[in-house]
Amino acid sequence: MDSQSPEKQLKKLEQRQSEQKIAKKIVLIATAIIVTLVLIVGIWGYFYVQGALKPVDTESDKSVKIEVPIGSSIDTIAATLEDKGIIKNAKIFKYYTKFNNSAGFQAGTYNLSPSMTIEEIIKSLKTGKIYRTPEFTLTVPEGLTIDQIADRVAKNTNYSKEQFMDLVTSKEFIKKMKEQFPDTVTKAVNDKDIRYALEGYLYPATYAFYEKEPSLETIATDMVKQTDTVVQQYLPTLKEKNMSVHDFLTFASLLEREATASTDRETIASVFNNRIEKDMPLQTDPTVLYALGKHKNRVLYKDLKVDNPYNTYTNKGLPPGPIANAGIESLKATIDPATTEYIYFVADKDGQNHFAKTYAEHQKNVAKYIK
């Protein structure tokens, strides 16, 4: 039996209740602190990870060579990427790829940029190709002259047509292209009769640029570089045919401007070859228009007499150089033409070509489809 007085018992109870309240407060405060710390760490961790997944430098236009040897682990690849400044954090990159099941990187040599996103880097490493989101693209269609390409550059950039033409016709730039791409841009471009040395050497394609304002030299060099890339695959065949790269591009440019359908290019190529073998002038109207330096819907008889090295009515063989920038179909047809006995062809109003072996046949086609 408790011998304490009721007053003392009541006082102890009040004290115990007070202690319990203090303990609860301490627990609540401690819990609140822990939750706050967890939230702070969680938020900091989230933003840290998000920051680490962003490009190292979105403004960078440099390209870094990355070697991925066969059998490389994700740890090795991630460490290399961080060491080369392509990603911010190797561990986060590794966990990100594992979380997204992005394994299966291919061995090879890559030219990656600090401006690439994690997704672009992963896609590049998985496919063996470089994937980047360009700042803008420039499309150069087949068959354009260097003058028309200058118009396109001016329309799609802050540079003027005159600035582009000044660059691509400058001796310094032409010399640089010859030094950089010696197999493709040869001394043949310096012929005194050539209007523009790099006419036919600016490959028609869609070009992607990863900086906001690439230099004019970058734009023009990319076009010449692409021509060199395409030409390289034909060099062995050209050597067998004893055909120079310059003649190859010149011949292809004639097909590009004459052909109205891809299926006609091989046949038109055979006509040109047959004419050259028979020591006949090529007599192709696009060379007359190039000689005149202007576009006309119809070439007149008096135009055929223009005194100009590019006029294939008054000069036998190929013109001094390309009259346009040829696409892949014309290049293929130049290398692998059809075998025919055709000497003449004429296009009707719908653009359909009609071929003939004799002049008499040709006259009948002209009468039937033109007159």
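## Two loop residues with positive phi

N242 lies in the loop between α9 (235–241) and α10 (245–258). The model is a predicted one. Phi of N242 is near 55 degrees, and this positive value occurs in a residue other than glycine. Most residues other than glycine have a negative phi. N242 counts as exposed, because its relative accessibility is 72% and the exposed class begins over 50%.

D279 is another case. Its phi is near 60 degrees, again positive in a residue other than glycine. D279 sits in the loop that joins α11 to α12 (285–292).

## The chain as a whole

The chain has 371 residues, and 40% of them count as buried. DSSP runs give 14 helices and 6 strands.

Long-range contacts carry a good share of the count. Take the contacts in the chain with a separation of 6 or more: 61% of them join residues 24 or more positions apart.

## Helix α4 and its neighbours

Helix α4 spans residues 118–127. Its buried residues are I118, E120, I121, I122, S124 and L125. What do these buried residues pack against? Their partners are β1 (64–68), α2 (74–83), α3 and β2 (108–112). Just after α4 comes G128, with a positive phi of about 80 degrees.

The contact with α3 can be described in more detail. Helix α3 covers residues 90–99, and its axis comes within 12 Å of the α4 axis. The two axes cross at roughly 65 degrees. The two helices are therefore roughly perpendicular to each other, as angles of 65 to 115 degrees are classed that way. The crossing of α3 past α4 is right-handed. On the α3 side, the residues in contact are F93, Y96 and T97. On the α4 side they are I118, E119, I121, I122 and L125. By class, this contact has 6 nonpolar residues, 1 polar and 1 charged. I118, I121, I122 and L125 in α4 meet α3, and these residues are also buried.

## Helices α11 and α13

Helix α11 (residues 265–277) and helix α13 (residues 328–335) form another contact. Their axes come within 9 Å and cross at roughly 45 degrees. That angle makes α11 oblique to α13. The crossing is right-handed.

Which residues in α11 meet α13? They are R265, E266 and A269. Across from them in α13 are E329, S330 and A333. The contact of α11 with α13 divides into 2 nonpolar, 1 polar and 3 charged residues.

## Strands β3 and β4

Strand β3 (residues 136–139) and strand β4 (residues 206–209) pair over 4 bridges. The sense is antiparallel. L138 has Y207 in β4 as its bridge partner. F136 stands opposite F209.

Both strands have two distinct faces. In β3, F136 and L138 make up the covered face, while T137 and T139 make up the uncovered one. In β4, the side chains alternate. Y207 and F209 point to one face and are buried. T206 and A208 point to the other face and are not buried. The pairing thus brings together residues already met on the covered side: F136 and L138 in β3, with Y207 and F209 buried in β4.

## Q226 and its contacts with the β4 region

Q226 belongs to helix α8 (residues 216–232). Is Q226 buried, exposed or partly exposed? It is partly exposed, because its relative accessible area is 29%, and the partly exposed class lies between 20% and 50%.

Leaving aside residues up to four places away in sequence, Q226 touches Y203 and Y207. Y207 is one of the buried residues of β4. The C-alpha atom of Q226 is separated by 7.7 Å from that of L202, which is 24 residues apart along the chain.

## T145, a buried loop residue

T145 lies in the loop between β3 and α5 (146–156). T145 counts as buried because its relative accessibility is 12%, which falls under the 20% limit.

What does T145 touch, not counting residues up to four places away in sequence? The list is E199, R257, Y290, I323, A324 and N325.

Definitions and conventions
Residues are numbered from 1 along each chain as its sequence is written. This is a predicted model: local features need pLDDT of at least 70, side-chain atom pairs count only at pLDDT 80 or more; totals for chains, interfaces and linings use all residues. Side-chain values use heavy atoms; hydrogens and water are left out. Axes are lines fitted to C-alpha atoms, for helices over the stretch in contact, and angles run from 0 to 180 degrees between N-to-C directions. Angles under 35 degrees count as roughly parallel, over 145 as roughly antiparallel, 65 to 115 as roughly perpendicular and the rest as oblique. A crossing is left-handed if the near helix is turned anticlockwise from the far one by less than a right angle, and right-handed if clockwise. Contact means heavy atoms within 4.5 Å. Ala, Val, Leu, Ile, Met, Phe, Trp, Tyr, Cys and Pro count as nonpolar, Asp, Glu, Lys and Arg as charged, and the others, Gly among them, as polar. Buried means under 20% relative accessible area, exposed over 50%, partly exposed in between (1.4 Å probe, protein chains only). Two strands pair if DSSP finds at least two bridges between them.
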